[in-house]
Amino acid sequence: MTEPQPEPASTHEIAPSEVPAHWGRAYTAPEITVYYDRGRCIHYAACVRGLPEVFDTAKKPWIQPAQAQADAVAEVVRRCPTGALHYVYAAHGGPPELPEPATVEVRENGPLFLRGDLTLHAPDTASPGGPVHDTRAALCRCGQSGNKPFCDGSHRQAGFVAPGGAKINTA
Ligand code: SF4
Ligand code: FES
């Protein structure tokens with residue numbers, strides 16, 4: 001088993017060289033780099049609705065952070081409920097992604113959305129570097145995900161039906 005590597009607890013003051021491998025592919029602009037982990041994207045589309053000029057699946061690459069102000073890109077990245085998107089400013093000093101008061105949201109027919117200063121102990125297949133530290137995550141509730149404990153959108157194909165709507169603030 002790979003020895004767990006320490007990770008920052010949030011994106012606060014993360015330098016590009018400290019970015020965890022699980023953040024995925026980098027899309028770089030002069031002021032900000034956006035990271036995308038396809039395995040954790042459930043096509044919730046908060047990014048596409050928020051900044052269509054930056055997040056456009058009809059373009060290649062589909063993320064073009066230079067098409068908007070860095071602060072606007074960062075704000076929309078923080079809307080991504082699954083942790084598929086992250087960002088780092090090229091120069092320190094931009095607003096960091098601070099953990100929010102911890103919340104758990106039960107999505108109807110879908111996953112649990114977690115927000116907060118999270119430490120997730122996932123199987124090696126999902127997290128070969130050890131526990132995942134993050135501020136956002138969607139956890140599978142249907143049992144069908146191929147990327148457990150994260151939701152990968154399989155609940156839709158599986159026809160998962162379960163009540164939702166509850167939002168629990170753990171602060
Ligand atoms: S899960 Fe995140 S990256 Fe994927 S479509 Fe939704 S907001 Fe965008
Ligand atoms: S809840 Fe989304 S894959 Fe299980």
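## Close-up views of a predicted model

**View 1. Strands E1 and E2 meet in an antiparallel pairing that spans 4 bridges.** This is a predicted model, and we start with one of its hairpins. Between E1 and E2 there are 3 residues, and the two strands together make the hairpin. For a landmark within this pairing, look for Tyr27, which sits opposite Val34 of E2.

**View 2. Stepping back from the hairpin, we find an open sheet of 3 strands in the order E1-E2-E3, paired antiparallel.** Strand E1 (25-28) and E3 form the edges, as each of them pairs on one side only. On average, and ignoring direction, neighbouring strands in this sheet are turned by 25° against each other. As a reminder, strands of a sheet pair through backbone hydrogen bonds, in either a parallel or an antiparallel fashion. Here E2 and E3 run antiparallel and are joined by 5 bridges. A good residue pair to pick out is Ile32 with Tyr89, since Tyr89 of E3 stands opposite Ile32.

**View 3. Strand E2, seen residue by residue, is largely enclosed by the rest of the structure, because 5 of its 5 residues are buried.** In a regular strand, side chains alternate between the two faces of the sheet. In E2, Ile32, Val34 and Tyr36 point one way, while Thr33 and Tyr35 point the other way. Both sets are buried. Two of these residues have already appeared above: Val34 opposite Tyr27, and Ile32 opposite Tyr89 in E3.

**View 4. Helix H2 lies across E2 and E3.** The helix runs at about 150° to E3. Which residues of helix H2 (residues 70-79) are buried? They are Ala70, Val73, Ala74, Val76, Val77 and Arg78. The cover over these buried residues includes strand E2 (32-36), helix H1 (46-50) and strand E3 (85-89).

**View 5. The shell around ligand 1 draws on two stretches of the chain, including Cys41, Ile42, His43, Tyr44, Ala45, Ala46 and Cys47.** Cys80, Thr82, Ala84 and Leu85 also surround the ligand. How many residues of this shell are nonpolar, polar or charged? The division is 9 nonpolar, 2 polar and no charged. Ala45 deserves a second glance, as its phi is near 75°, a positive value in a residue other than glycine. Ala45 belongs to the loop between E2 and H1. With 13 other C-beta atoms within 10 Å, Ala45 is partly exposed.

**View 6. A cis peptide bond links Lys60 to Pro61, with omega of about -5°.** To find this spot, follow the loop between H1 and H2, where Pro61 lies. Another cis peptide bond runs from Lys148 to Pro149, and there omega is near 10°. Pro149 is found in the loop between strand E6 (132-139) and helix H3 (154-158).

**View 7. Asn109 has a positive phi of about 55°, although it is not a glycine.** The loop that holds Asn109 lies between strand E4 (103-106) and strand E5 (112-120). Is Asn109 buried or partly exposed? Asn109 counts as partly exposed, because it has 15 C-beta neighbours inside 10 Å, whereas a buried residue would need 20 or more.

**View 8. Strands E5 and E6 pair in the antiparallel sense over 7 bridges.** Within this pairing, Leu112 has Leu139 of E6 as its bridge partner. Since 6 of the 8 residues of E6 are buried, the strand is largely enclosed by the rest of the structure.

**View 9. The whole protein, for orientation, has 3 helices and 7 strands.** Along the sequence these elements follow the pattern β-β-α-α-β-β-β-β-α-β. Of the 171 residues in the protein, 33% are buried. Taking contacts between residues at least 6 apart in sequence, 59% join residues at least 24 apart.

Note on methods. Residues are numbered from 1 along each chain as its sequence is written. Chains are lettered from A and ligands numbered from 1 in the order in which they are written. This is a predicted model: local features need pLDDT of at least 70, side-chain atom pairs count only at pLDDT 80 or more; totals for chains, interfaces and linings use all residues. A residue is near a molecule or strand if its C-beta atom, placed from the backbone, lies within 6 Å of it. Ala, Val, Leu, Ile, Met, Phe, Trp, Tyr, Cys and Pro count as nonpolar, Asp, Glu, Lys and Arg as charged, and the others, Gly among them, as polar. A residue is buried if 20 or more other C-beta atoms lie within 10 Å of its own, exposed if 12 or fewer, and partly exposed in between; C-beta atoms are placed from the backbone. Two residues are in contact if their C-beta atoms, placed from the backbone, lie within 7 Å. Two strands pair if DSSP finds at least two bridges between them. Axes are lines fitted to C-alpha atoms, for helices over the stretch in contact, and angles run from 0 to 180 degrees between N-to-C directions.
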